[in-house]
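Q: Could you take me through the reading of a protein model, one feature at a time, and begin with the question of how far its coordinates can be trusted?

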Amino acid sequence: MVGRRAKEVGADIVLVVGDITNFGSVEEAEKILSSILEVARVPILFVPGNCDPPQLLSCSPRSQNLINIHAKKRRGARGRGMLREGGIYSLKAIFRGDEE
């Protein structure tokens, strides 16, 4: 459903914020995220929620288009914080991969 809607509106990315599973496994979360990616065909950024397994917080999925942004801090060209807990300031930093 999410992937289909993203495709319908021409989304550039999909942001999944918390509770990907209902106390499921990391494998279940990856399967859900991969199914969204398969339909939407755009990068999926996600932040695990309190109903997700703790191991998902540090998980790096196999697909480069499934991006875990939990507690990441990235820096832009001028050294300013681009992404941090609480908000995304520039999506370019995410795809550039200039993680601190």
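The dialogue below turns from confidence to fold, then to surface and to a single residue.

A: This is a predicted model, and its chain averages a pLDDT of 78, with 70% of the residues scoring at least 70.

Q: Where does pLDDT stay under 50?

A: Where pLDDT is low, the predicted coordinates should not be read in detail. Here pLDDT stays under 50 over residues 75-90, a stretch for which the model nevertheless has 34 contacts beyond four places in sequence.

Q: Which pattern does the chain follow along the sequence?

A: The chain has 3 helices and 6 strands, and, read along the sequence, these elements follow the pattern α-β-α-β-β-β-β-β-α. Among the contacts between residues at least 6 apart in sequence, 54% join residues that are at least 24 apart.

Q: What do carbon and sulfur atoms supply of the area that the chain exposes?

A: The chain exposes about 6500 Å², of which carbon and sulfur atoms supply 49%, while buried residues make up 38% of the 100 residues.

Q: Is A6 buried or exposed?

A: The cut-off for a buried residue is under 20% relative accessible area, and A6 is therefore buried, because its value is 9%. A6 has its place in helix α1, which covers residues 2-9.

Q: Which residues is A6 in contact with, leaving aside its neighbours within four places in sequence?

A: With those neighbours left aside, A6 is in contact with A11, V14 and A40. The C-alpha atoms of A6 and R41, which lie 35 residues apart along the chain, are separated by 8.8 Å.

Definitions and conventions: Residues numbered from 1 in each chain as written. Predicted model: local features only at pLDDT ≥ 70, side-chain atom pairs only at ≥ 80, totals over all residues. Heavy atoms only, no water. Helix = DSSP H or I, 4+ residues; strand = E, 2+ residues; numbered from the N terminus. Buried < 20%, exposed > 50% of the residue type's maximum accessible area, 1.4 Å probe, protein only. Contact = heavy atoms within 4.5 Å. Areas by Shrake-Rupley, 256 points an atom, 1.4 Å probe, with all protein chains shown as cover. pLDDT = per-residue confidence, 0-100.
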